[in-house]
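Biologist: I am new to this structure. Could you take me through its interior?

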Amino acid sequence: MTREEAQRLREEELAGQGHGKDCFIIPQANLDRFLPDGVTLPREPRKSNNLINILEVDDPKIIVSFHLMGQLHPLNSMLENPMVNSLDVHFNLSRNLLKCAQDLSAGEGYIFKNLEKDADYPYINYYVINKPREEAGQFYTNNKMASHEALNASKLGYSLAHSMDLYDEVATIARPPVDPAHKRPTTDYTGYIICIYQVFKGDDGEKFERNWLYWTGARMLYKNLPRNVGLKRLTLHKSATGPNVNYILLVECSHFLDNINQAANLLPVLRARICGYTGIFRIVESF
């Protein structure tokens, strides 16, 4: 796609945004915890002058899995081959893990590559599992076993810190057209801001979670991301499968890569809060 074609597509998206309101998508089971603090549901959902309008839709029953992978470190730096780029090794590992997840019947799979040098998470694998929770749990167990085998330090010659969890999509702000069941990007210029947070179990109280727009930075990003970056959706994910409670905010922008300098200007503000991890990514492999 040429830059002129990308600009024309962007203009069409901006024109279309004037005809539809952004959507707040929260599963009914999570309303008490993730409906933002101060927002109340109207008694008459379809009344035209409501601050928010409610439309009940089918639950897509999506469970996703993030595999967070840190930097590779050689077990013996004296024997490390100077001709081998550890990022190339890491990318090949991520591709093999993606293929494994596909063989295990994940619905969609993506490799997010970090766009910053010496990042804490050079690659993140992201899987969409369109299965009932019990089957998703079986996928997670099998995929986690395969990943630990593939990342065995004694066989690989490298060590890396990594973690994999199942996540629920607990809240989303989406810009029309909305298709919650599919995650494939709409343009070649799509990029992502990913924010990762962790708290101890018991600290994830209702008051804390109803203020998620603030402590995740979602409210600041929604209000301040430049319009031409093409914000598509902000999705908060929550997992409690491990000893801690993890949250991941995934911010998708359809024209992030051709406006990256403007988008990246907000990163220092997010990081200045010293709260969690923030990085910028693009997709380099998918199925």
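Modeller: This is a predicted model, and the following exchange deals with its nonpolar cores and one of its strands.

Biologist: Which residues touch the most other members of the largest nonpolar core?

Modeller: They are I193, W212, L221, L225, L249 and V251, in a core of 31 residues. At least two core residues come from each of several elements, including strand 8 (191–200), helix 8 (218–224) and strand 10 (244–253).

Biologist: Which strand gives the most to this core?

Modeller: Strand 10 does, with 5 residues.

Biologist: And what does W212 touch?

Modeller: Leaving aside residues up to four places away in sequence, W212 touches F24, F34, P36, A171, A218, L236 and L249.

Biologist: What lies apart from that core?

Modeller: Another core of 22 residues does, and Y123, Y127, L151 and F287 are among them.

Biologist: Changing topic, why is strand 2 largely enclosed by the rest of the structure?

Modeller: Strand 2 spans residues 63–69, and 7 of its 7 residues are buried, so the strand is largely enclosed. I63, S65, H67 and M69 are buried on one side, while V64, F66 and L68 are buried on the other. In general, side chains in a regular strand alternate between the two faces of the sheet.

Biologist: How many bridges join strand 2 to strand 5?

Modeller: There are 7, and the two strands run antiparallel. Within that pairing, H67 is opposite N125 of strand 5.

Biologist: What about strand 2 and strand 7?

Modeller: Those two are also antiparallel, with 7 bridges. One of the bridge pairs joins I63 to D168 in strand 7.

Conventions: Residues are numbered from 1 along each chain as its sequence is written. This is a predicted model: local features need pLDDT of at least 70, side-chain atom pairs count only at pLDDT 80 or more; totals for chains, interfaces and linings use all residues. Side-chain values use heavy atoms; hydrogens and water are left out. A nonpolar core is a set of buried Ala, Val, Leu, Ile, Met, Phe, Trp, Tyr and Cys residues joined through side-chain atoms within 4.5 Å. Buried means under 20% relative accessible area, exposed over 50%, partly exposed in between (1.4 Å probe, protein chains only). Helices (H or I, at least four residues) and strands (E, at least two) are DSSP runs, numbered from the N terminus. Contact means heavy atoms within 4.5 Å. Two strands pair if DSSP finds at least two bridges between them.
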